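Work through the exercises below in order. Try each task before reading its solution.

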Amino acid sequence: KQWYQRRVAITAGMSTVTPKVLKFKMIVIQPREADSSDMSEEDKKIKGMIGDLRNQLREVKEEQDYMEIRDNAHSEINRNTNRRVVIWACFEFSLLLCMTIGQIYYIKRFFEVRRVI
């Protein structure tokens, strides 16, 4: 086997400070041996169609993997947003409850009748 070294440069100069996930997939296709001399024209055509189908299935699988990654990222954003909304709603509820108790206490003191003996 031969090993090849590749360098990839990725810049994120215009990007935000949020973390990024990069996914690389390298497919190395080995050339097939030319043993098709004894194959009929129809067999060659079928073999070519099988190769095309294999490539299309690989592309569909890669697209599904990509969509799964996107779905996971968006689900995480959705869960975080929902958690923040619930926390904010609980804070608002506790604040309103404290204000209500304070107003009731204030009004009771305001209308309290004091008698001087």
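**Exercise 1.** Is Glu112 buried, exposed or partly exposed?

Solution. Begin with the source of the values. This is a predicted model, in which local features need pLDDT of at least 70 and side-chain atom pairs count only at pLDDT 80 or more, while totals for chains, interfaces and linings use all residues. Residues are numbered from 1 along each chain as its sequence is written, and side-chain values use heavy atoms, with hydrogens and water left out.

Next, take the cut-offs: buried means under 20% relative accessible area, exposed means over 50%, and partly exposed lies in between (1.4 Å probe, protein chains only). Glu112 has a relative accessibility of 46%, so Glu112 counts as partly exposed.

**Exercise 2.** Which residue forms a salt bridge with Glu112?

Solution. First, the rule: a salt bridge is a side-chain nitrogen of Lys or Arg within 4 Å of a carboxyl oxygen of Asp or Glu. Side chains of opposite charge can pair when their charged atoms come close. Then apply the rule: the partner of Glu112 is Arg114, with the closest N and O atoms 3.6 Å apart. Arg114 is exposed, because its relative accessible area is 62%. By this rule the count comes to 4 salt bridges.

**Exercise 3.** Describe the salt bridge of Arg58 and that of Glu76.

Solution. Step one: the side chain of Arg58 meets that of Glu62 in a salt bridge, 3.8 Å from N to O. Both Arg58 and Glu62 lie in helix α1, 4 residues apart, about one turn of the helix. Helices (H or I, at least four residues) are DSSP runs, numbered from the N terminus. Arg58 counts as partly exposed at 28% relative accessibility, and Glu62 does so at 27%.

Step two: Glu76 pairs with Arg79 in a salt bridge whose closest N and O atoms are 2.9 Å apart. Glu76 and Arg79 are 3 residues apart in helix α1, so about one helical turn separates them. Glu76 is partly exposed, with a relative accessible area of 38%; Arg79 is partly exposed too, at 48%.

**Exercise 4.** Which residues is Asp65 in contact with, leaving aside its neighbours within four places in sequence?

Solution. Locate Asp65 first: its place is in helix α1, residues 41-110. Contact means heavy atoms within 4.5 Å. With those sequence neighbours left aside, Asp65 is in contact with Lys23 and Lys25. Finally, Asp65 counts as buried because its relative accessibility is 19%.

Note on methods: Helix = DSSP H or I, 4+ residues; strand = E, 2+ residues; numbered from the N terminus.
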